[in-house]
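Could you walk me through this structure in my viewer, one selection at a time? I am new to it and would like to know what to click on and what I will find there.

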Amino acid sequence: MSNYFIKSFEEYFGIYRKSVENPELFWQEIAEEHFLWRKKWDKVLDWDFTKPEIKWFQGAKLNITENCIDRHLVNRADKVAVIFEPNNPEEKEEKITYQQLYERVNKMANVLKSQGVKKGDRVCIYLPMIPELTISVLACARIGAIHSVVFAGFSSQALATRINDSDCKTVITSDGSYRGNKTIDLKRIVDDALEECKNVETVLVVKRINSNIKLKENRDKWLAPLLEEASNECNAELMDAEDPLFILYTSGSTGMPKGMVHTTGGYMVYTAYTFKNAFNYQENDVYWCTADIGWITGHSYIVYGPLLNGATTLMFEGVPNYPDFSRFWQIIEKYKVNQFYTAPTAIRALAKEGIEPITPYDLSSLKVLGTVGEPINEEAWHWYDDNIGKNKVSIVDTWWQTETGGIMITPLPYITPTKPTYATLPFLGIQPVLMDENGEEIKENQVEGRLCIKYPWPSIARTIWGNHKRYKETYFSTFKNKYFTGDGALRDEVGYYRITGRVDDVIIVSGHNLGTAPIEGAINEHSMVAESAIVGFPHDIKGNGLYGYIILKVIGEGRNHDNVRKEINQLITEQIGPIAKLDKIQFVRELPKTRSGKIMRRILRKIAHKDTSNLGDTSTLLNPEIVQEIMDNAL
Ligand code: WTA
């Protein structure tokens, strides 16, 4: 018998040892006993980090939706699979049972087929957090189409880049979305994007806000009438374990986002197993993750992980402060939520409101509190523990990435003793290592280094869509034979890990990964901007804020600087989305540069952090005198 559910710390250590001594055997047992395979694999794992090539369960055949839905119909047909809580608390919630989910996914799958979507085709999903989002994702998986969900807060240009990069011919969107007391015109954003996406043939439109939109003839179709006609039976396409399941874009250090490709078999096994153990999910629990399905957290821990375990997963369309700051706590009381998974930035924003919004609500159903997306500071951790968990609920600080597919370092609830700000110990089968600057592995404890993983796990992304070279360069070239995470970490005296943050050009703002390059690219398009450099600085709520140092061209002189600042943020909003707007903009005469012309971001970062006591040696700069000038005018 494999150890699908871990019950004690001793058991964790024993199974962990087994999982790293013989990973193939370990994963084979988990995979064999807990999933529905149409054909068994020929080989558990084949890998070579130098190519890099990673293949799990080669030769196996399956469909992930049979594992998420069909097999539960025997015992859980009437169990609620998805709870939908709308933005407006007066609108009635929706509860979708496994049987209903089966029918709705099949109908949607048949609609996609009727529109010519085939196995291997890419489908872009640009939807708010409504049931059709989950259903569309699963419908793609049902017929073997590769879904590419784009977070519905991205701008039309960001959407267009993603549609074109993976050559999607079909887009699923809605006539608009609700967000607090606002509505957002999603269809207009799609229309703008499609001006630049000549290969898109079909746009399926969900009616959500009843706005007065126009459908483009021969391209746009309302989804509802098509669904009505479609059959509620649809054979699940037989997929190879290594067939792509989805593409999800994440920011990188160049302007082009990276389309991380996840495949079917390994992703299924790993997300299911981590969900069960990291959240201690038991049969009648109600689980709620507040992320958006547009991010990896939503893919793995709103859709796939929970449904693979036959869980009840809650989707929330709205925002934490609408109608007021008690919304999360109201929802927890309303559905007696047992597991609550959110981001540190949300915790900090809610903590700022004090405890009045919380006290009227009964939060006693809570069993596990999770965090993800960025380092959680000690204050926020204690606030969460004291006020939401009332010091009785286990907190899991889960570290992982879009690229890793599932949770990598985390406490197991009620098993691993927690330590605020520490993600603690590796999950089963995960072998983290810390590397020093010379590329050597640091073996001892109480050290800090660059976090790498030295052995494959089933849900590692297999490539970057259309750019395997970039995949190799980004993740497998910095350290020989290791997957490099891009994060720094420290390991304490007992071997617990604390993630210290990114060591590359990615800045995490409110839990969202933002590359500096695309933001600088957007700024530089302003006709008055000569050059720019973006760094992060500590921000009370967002974790990191964005600080831009910008050189204006001579023609910028004499213009009102505040107007220029607004225009720059407007450009960023159009090209990337409002999440990437700059918090501070300092106009500078020059940027500090090395003699080879590289911007010294380290110095700019220190100035933005107001930590200028030790700037290091600046004498090797091309223009050392500019440093003092920038410091004198710092914001
Ligand atoms: C950061 C989100 C500290 C980290 C699942 C990582 C964290 C990046 C944590 C990935 C955590 C995520 N503690 N930092 N618990 N979780 N991060 O791809 O820098 O959106 O590399 O995946 O978020 O962000 P992504």
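Here is a tour in short stops, with something to select at each one. Keep in mind that you are looking at a predicted model.

**Stop 1: two helices early in the chain**

Select residues 9-21, which form helix 1, and residues 23-34, which form helix 2. Their axes come within 5 Å and cross at roughly 115 degrees. Helix 1 and helix 2 are therefore roughly perpendicular to each other.

Now show the side chains where the two helices touch. On helix 1, pick I15, K18, S19, V20 and E21; on helix 2, pick P23, F26 and E29. Colour this contact by class and you will get four nonpolar, one polar and three charged residues.

**Stop 2: a hairpin**

Move on to residues 43-48, strand 1, and residues 53-58, strand 2. A hairpin joins strand 1 to strand 2 through four residues. The two strands pair in the antiparallel sense, over five bridges. For one pair to zoom in on, select D46, whose bridge partner in strand 2 is K55.

**Stop 3: a group of charged side chains**

Next, select E85, K92, E93, R327 and K334 together. A network of salt bridges links these residues. In general, side chains of opposite charge can pair when their charged atoms come close. How many salt bridges does a search of the whole structure find? It finds 40, and a few more of them come up later in the tour.

**Stop 4: an eight-stranded sheet**

Switch to a cartoon view for this one. Eight strands form an open sheet, and their order across it is 12-11-8-6-7-14-15-24. The pairing in this sheet is mixed. Which strands stand at the edges? They are strand 12 (220-222) and strand 24 (463-464), and each has a single partner strand, so one side of each is left without a neighbour in the sheet.

To look at one edge, select residues 202-206, which make up strand 11, along with strand 12. This pair runs in the parallel sense over three bridges. Within it, L204 stands opposite K221 of strand 12.

**Stop 5: another helix pair**

Select residues 344-351 for helix 13 and residues 378-388 for helix 14. These helices pack at an angle of about 70 degrees, and their axes are 10 Å apart. That angle makes helix 13 roughly perpendicular to helix 14.

The residues in contact are I347, R348, L350 and A351 from helix 13, and A380, W383 and Y384 from helix 14. By class, this contact has six nonpolar residues, no polar ones and one charged residue.

**Stop 6: a salt bridge between two strands**

Select D487 and R502 and show their side chains. They meet in a salt bridge, at 3.7 Å from N to O. D487 is in strand 25 (residues 483-491) and R502 is in strand 26 (residues 497-502), 15 residues apart. Are these two residues buried or exposed? D487 counts as buried because its relative accessibility is 6%, under the 20% cut-off, whereas R502 is partly exposed at 23%.

**Stop 7: a three-stranded sheet**

Go back to the cartoon and find the open sheet of three strands in the order 29-30-31, with mixed pairing. Strand 29 and strand 31 are its edge strands, each pairing on one side only. Neighbouring strands here are turned by 25 degrees against each other on average, direction ignored.

Select residues 543-552 to see strand 30, which pairs with strand 31 in the parallel sense over five bridges. One position to label is I551, which stands opposite V588 in strand 31.

**Stop 8: two last salt bridges**

Stay with strand 29 (residues 529-539) and select E531 in it. Add K593, which lies in the loop between strand 31 (584-588) and helix 18 (601-608), 62 residues apart from E531. Their side chains meet in a salt bridge of 2.9 Å, N to O. E531 is partly exposed, with a relative accessible area of 24%, while K593 is buried at 18%.

Finish with R559 and E567, whose side chains form a salt bridge of 2.8 Å, N to O. R559 is partly exposed, with a relative accessible area of 33%, and E567 is partly exposed as well, at 29%.

Key: Residues numbered from 1 in each chain as written. Predicted model: local features only at pLDDT ≥ 70, side-chain atom pairs only at ≥ 80, totals over all residues. Heavy atoms only, no water. Axes fitted to C-alpha atoms, helices over the stretch in contact; angles between N-to-C directions. Parallel < 35°, antiparallel > 145°, perpendicular 65-115°, else oblique. Contact = heavy atoms within 4.5 Å. Nonpolar A, V, L, I, M, F, W, Y, C, P; charged D, E, K, R; others polar. Salt bridge = Lys/Arg side-chain N within 4 Å of Asp/Glu carboxyl O. Buried < 20%, exposed > 50% of the residue type's maximum accessible area, 1.4 Å probe, protein only. Pairing = 2+ DSSP bridges.
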